[in-house]
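Got the viewer open? Here is a short tour, one selection at a time.

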Amino acid sequence: MSSRSAASKPSSGEGSGRDFIRDLVEADLASDRFAGRVQTRFPPEPNGYLHIGHAKAICLDFTVASEFGGRCLLRFDDTNPATESPEYVDAMVEDLAWLGFEPHEIRYASDYFEQLYAWAEMLIERGLAYIDDQDSEAISAGRGGFGRPGTDSPCRDRPIEDNLRVFREMAAGRHRDGSRVLRARIDMQHENMQMRDPVMYRIRHEHHYRSGDRWCIYPTYDWAHGQSDAIEGVTHSLCTLEFRDNRALYDWYLEHLPLDDLGHTGERPYQTEFARLELTHTVTSKRVLRRLVDGGQVNGWDDPRLPTLRALRRRGYPPAAIREFCAFIGVARTNSRHAPELFESFVRTELNATAARRMAVLRPLKLDITNWPTESDGSPVTEYREAVNNPEDPSAGTRQVPFSGTLWIEQDDFRLDPPPKYFRLAPGREVRLRAGYLVRCTDAVTDDNGNVTEVHCTYDPQTSGGQAPDGRKVKATIHWISVDHAVPITAALYERLFDAELPGDRTGDPLDDVHPASREVVNDAVAEPAIADVAPGAVVQFERLGYFCADASTPRLFHRTVGLRDEWANIQKRQAQAAKQGGKQGGKQPRKEAP
């Protein structure tokens, strides 16, 4: 059974293959609620880069539409000109395609500014919206709080004609930023804070990357979001749980607008919330990620330590593994955090089946085979050893690796004074060279500080297949690189970017938990000649070391994607042992907490 068997599945119905959202869609189709239509949308704000949290929403929006014969749009909710740019739009389109999804159409909330403005005037004329001259601090104070009533704005009952006149003046640029806003006139005593006369429009004399200088008032997210859904004919507006309290406002706006004029069949869209994807030791806040980038703790938005999709791509995470991970954790109604090791297990499984094998040595130590044959001119003989490209995929074939009398091996693969249970190379000990021969250590050279600088061995020419004809056994196999054929490479090794399980939980600032040594660059690594055939962006397994991705722009730079060890399996094993021990001490297994 694999490390992601039934025993490893999260609780609360996640990963079961069915979920409450698909049940809702199925029920709507059965009742003909939307005249047989299913339409979803992925609506990012183009003010940053997509990250792993977005991946779950993307997978859900697109797969739900696909499974029920519907369509999914990509809509940019571009209502804040101060933070949005074409750079983010282009990056999101590219990341979406890389993840494996193609939208039915690409839309923009800014396409609907004229319609939103016309609807705002309609609400003013119906007495359902008004201009408030208070500043943001006064408006916030007047809204009260949970358990505390709100206070009506002194502008709440101003005449409709005045509201309409001032709103048109705002749109014409005759009022300064922050001097007044348009608010919906709902209920300042409502138990849901979102319903206490929310702001619909703010004055912002900002250039918009698409509409230019046409507008100096811009709709808020809540005013634009649901109406954009309605204009586009969305049936199921799928949002993460932080928008749960916004659902009543979403519905209120739609209830007071003439949606029948839009020509869509069926009822108006409705919002359904699901748990977002969160990982321990990880931050997805755009604000915090920007601080990391701007402060130089990471090297740009595609730094392989970040959770952005372009960072995961650069690190070598396969899009198929991301999709499988999102499908496995499923759709829940309550938030939870998952261990990065679980995510990595999907990456490792995918790469194990698809990545070619190559040999590389990160920290070289010279191994000299003293009885290796030489040519007539005294130069060492070069052999070519056949090595399997991927034992999981016979169709991947084999390759020829040059072998000579002087090799590089890993420093960790030799100990002058080996500790207990160390089975690799040591004085007098014999090991197997991957795809090569059995070699026995006869001597080691050290410097003045006692550091080993060279290992001497003899090889057994009768062990060409890696097995001794007399049946003697060895307990370790190590990899190697021929010194005369070694290709210099650089390897970037990564640890968690944050030490704490919940970054910022201790001090309030996630940057206080940044791991100071989360990246190590190894400049003296070497690899076999076939490394030159690895395409930029491709992932290979450095045998015994892990999976590494060839950087797309820097030649011979390889990022460690994940190691070979299944840490998620180890976590499960420790948890199972702890539960078993607890059961023995308490006489029964501990009761699982509710999710």
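What follows is a walk through a small set of strands, the helices on them, and a pocket.

This is a predicted model, where local features need pLDDT of at least 70, side-chain atom pairs count only at pLDDT 80 or more, and totals for chains, interfaces and linings use all residues. Numbering starts from 1 along each chain as its sequence is written, and side-chain values use heavy atoms, with hydrogens and water left out.

Start with the open three-stranded sheet, order 1-2-3, paired in parallel (strands are DSSP E runs of at least two residues, helices H or I runs of at least four, numbered from the N terminus; pairing takes at least two DSSP bridges). Strand 1 (39–42) and strand 3 (106–108) are the edges with a single partner strand each, so one side of each has no neighbour in the sheet. The twist averages 35° from one strand to the next (axes are lines fitted to C-alpha atoms, for helices over the stretch in contact; angles run from 0 to 180 degrees between N-to-C directions).

Next, add helix 3 (86–99), which packs on the sheet against strand 2 and strand 3, at about 155° to strand 2 (contact: heavy atoms within 4.5 Å).

Now jump to the second largest pocket and select Arg315, Glu344, Tyr494, Glu495 and Arg496, which lie nearest its centre among 32 lining residues (a pocket is an open set of 1 Å grid points, over the protein atoms alone, where a 1.4 Å probe fits, with protein on both sides within 12 Å along at least five of seven lines; lining residues have an atom within 4 Å of a point). Colour helix 12: five lining residues, the largest share, come from there.
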